[in-house]
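Below is a colleague's note for someone opening this structure for the first time. The points are numbered so that each can be checked against the model in turn.

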Amino acid sequence: MKKLILTIVAALVATGASAGTIEMKVYGLVCGFCAQGIEKTLRKNPATVDVLVSLEDKLVVVSTREGQDISDADLTKALTDSGYDVKGITRTARSLDEIRAQLKAGK
Amino acid sequence: MNLVRRSLAGVALVGASLAATGKPIAFSDGTTVMAEYGAGTMKEAQVFYAPKYFYSVGLGYLELESDIDGRRREITYARANYLAKRWNMESAQANVFAWGGAGQAYSSETNDHAFAWNAGAQVDYETRRIYASLKTDFHGSSDFDHRIDTLQLGIAPYEHDFDTLATWFVVQGRQYTGGIHEGGEWALLLRLFKRGAWIEAGVTDDGKLQAMAMVNF
């Protein structure tokens, strides 16, 4: 019983920690091939739902599964292992589709 | 008119075969298939796999035919590419690559096969509007040695994004050693790429087709 309660509490904590959408400022994004590699790497993470790369905004956005998150350390490692420099990571309440629409409208 | 016809034929040819990036390593866990047709003087095909973003390994085939005396060389090789240094800037990237390998070469001068080795390097700088690269590629054997030096300067009329078509106008200067081509060779190229596919075609100052294609996946 104690174990069950602990599991539920842990799940609730994990849900509470979920960001849903993570935005990363990345340096070195200059071509479609860069973006292709980053997208491929991030999609391998089981918590990833979708990935958006904007060369114009030097931005990489990841949406995560409900109740799941990807740590800053894992995100930084994924981008660094892809050959790029992460300059900032922020969690946002906006959905990836909203960000995509805003970027498109801004162009 | 003849130039235009040749150029269009080149685009059609490359488009049909669709196989090249300017970099020997695309991305981590990525496979690159490239093919280049160099004005009747050089034909090359390469397949590389990159376990990490900073190195790749693969196979290549290079065929050279001298437009001076018709001598031919066919080189089949294995090669490793290494990203020695990368600078990631806010809106630009610069790289230094080096590579080396070994294989077998046929030379028409001796009508025989011999062990061959190769080595090269590339430095490049690019933004979404300008591109510059300098590459040197050496192949040697007991029968011959030659080097191909290539300079490319590109300009994009607009800034592309991940899901839009990139268009580049590129000026290429190339120098062959080892009796392959007399003097320097210049070419004007149109480069198009989107996501993992890249095609490039144009004409040299001799009115010959210069083309390249690549896919990354």
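1. Of the 107 residues of chain A, 32% count as buried. The model is a predicted one, and every statement in this note should be read with that in mind. Chain A holds 4 helices and 4 strands, and along the sequence these elements follow the pattern α-β-α-β-β-α-β-α. Among contacts in chain A between residues at least 6 apart in sequence, 69% join residues that are at least 24 apart.

2. Helix 2 of chain A deserves a careful look. Its 12 residues should span 16 Å at 1.5 Å a residue, and since the end C-alpha atoms are 16 Å apart, the expected and the modelled spans agree. Because 10 of the 12 residues of helix 2 of chain A are buried, this helix is largely enclosed by the rest of the structure. The buried residues of the helix include A:Phe33, A:Cys34, A:Ala35, A:Ile38 and A:Leu42, and among them are also A:Gln36, A:Glu39 and A:Thr41.

3. The contact between the two chains can be taken next. On this count, 21 residues of chain A are in contact with 26 residues of chain B. Helix 2 (32–43) and strand 2 (48–54) of chain A each supply at least two residues of the side of chain A that touches chain B, and the largest share of that side, 7 residues, comes from helix 2 of chain A. Sorted by class, the side of chain A that touches chain B has 8 nonpolar, 8 polar and 5 charged residues.

4. Which residues have the most contacts inside the largest nonpolar core? They are A:Leu29, A:Cys34, A:Ala35, A:Ile38, A:Val53, A:Val60 and B:Ala213, in a core of 53 residues. The largest share of this core, 6 residues, comes from strand 12 (residues 209–216) of chain B. A second, separate core has 10 residues, including B:Leu62, B:Leu64, B:Ile75 and B:Ala116. As background, nonpolar side chains tend to be buried together in soluble globular proteins. A:Ala35 can serve as an example of the contacts involved: not counting residues up to four places away in sequence, A:Ala35 touches A:Leu29, A:Val53 and A:Leu55, and also B:Phe162 of chain B.

5. In chain B, 12 strands close into a barrel in the order 1-2-3-4-5-6-7-8-9-10-11-12, with antiparallel pairing. From one strand to the next, the twist averages 15°. Strand 8 (residues 145–155) and strand 9 of chain B pair in the antiparallel sense over 8 bridges, and B:Leu151 has B:Gly173 in strand 9 of chain B as its bridge partner. Strand 9 of chain B is joined to strand 10 of chain B by 10 bridges, the two running antiparallel, and here B:Val171 stands opposite B:Leu188 in strand 10. Strand 10 (residues 184–194) in turn pairs with strand 11 (residues 197–204) of chain B in the antiparallel sense over 8 bridges, where the bridge partner of B:Leu188 is B:Val203 in strand 11.

6. Strand 9 of chain B also has two faces to tell apart. The covered face consists of B:Ala166, B:Trp168, B:Val170, B:Gln172, B:Arg174 and B:Tyr176, whereas B:Thr167, B:Phe169, B:Val171, B:Gly173 and B:Gln175 make up the uncovered one.

7. Two loop glycines are worth inspecting, beginning with A:Gly20, which lies in the loop between helix 1 (2–17) and strand 1 (21–27) of chain A. A:Gly20 counts as partly exposed because 19 other C-beta atoms lie within 10 Å, and a residue needs 20 or more to be buried. Leaving aside its neighbours within four places in sequence, A:Gly20 is in contact with A:Ser63 and A:Thr64. The C-alpha atoms of A:Gly20 and A:Gln68 are separated by 7.5 Å, although these residues are 48 residues apart along the chain.

8. The other glycine, B:Gly179, is placed in the loop between strand 9 (166–176) and strand 10 of chain B. With 14 C-beta neighbours inside 10 Å, B:Gly179 counts as partly exposed. Not counting residues up to four places away in sequence, B:Gly179 touches B:Ser66, B:Ile68, B:Asp69 and B:Arg71. From C-alpha to C-alpha, B:Gly179 and B:Glu65 are 9.5 Å apart in space, while in sequence they are 114 residues apart.

Key
Residues are numbered from 1 along each chain as its sequence is written. Chains are lettered from A and ligands numbered from 1 in the order in which they are written. This is a predicted model: local features need pLDDT of at least 70, side-chain atom pairs count only at pLDDT 80 or more; totals for chains, interfaces and linings use all residues. Two residues are in contact if their C-beta atoms, placed from the backbone, lie within 7 Å. Ala, Val, Leu, Ile, Met, Phe, Trp, Tyr, Cys and Pro count as nonpolar, Asp, Glu, Lys and Arg as charged, and the others, Gly among them, as polar. A nonpolar core is a set of buried Ala, Val, Leu, Ile, Met, Phe, Trp, Tyr and Cys residues joined through C-beta atoms within 7 Å. Two strands pair if DSSP finds at least two bridges between them. Axes are lines fitted to C-alpha atoms, for helices over the stretch in contact, and angles run from 0 to 180 degrees between N-to-C directions. The expected span of a helix is 1.5 Å times one less than its number of residues.
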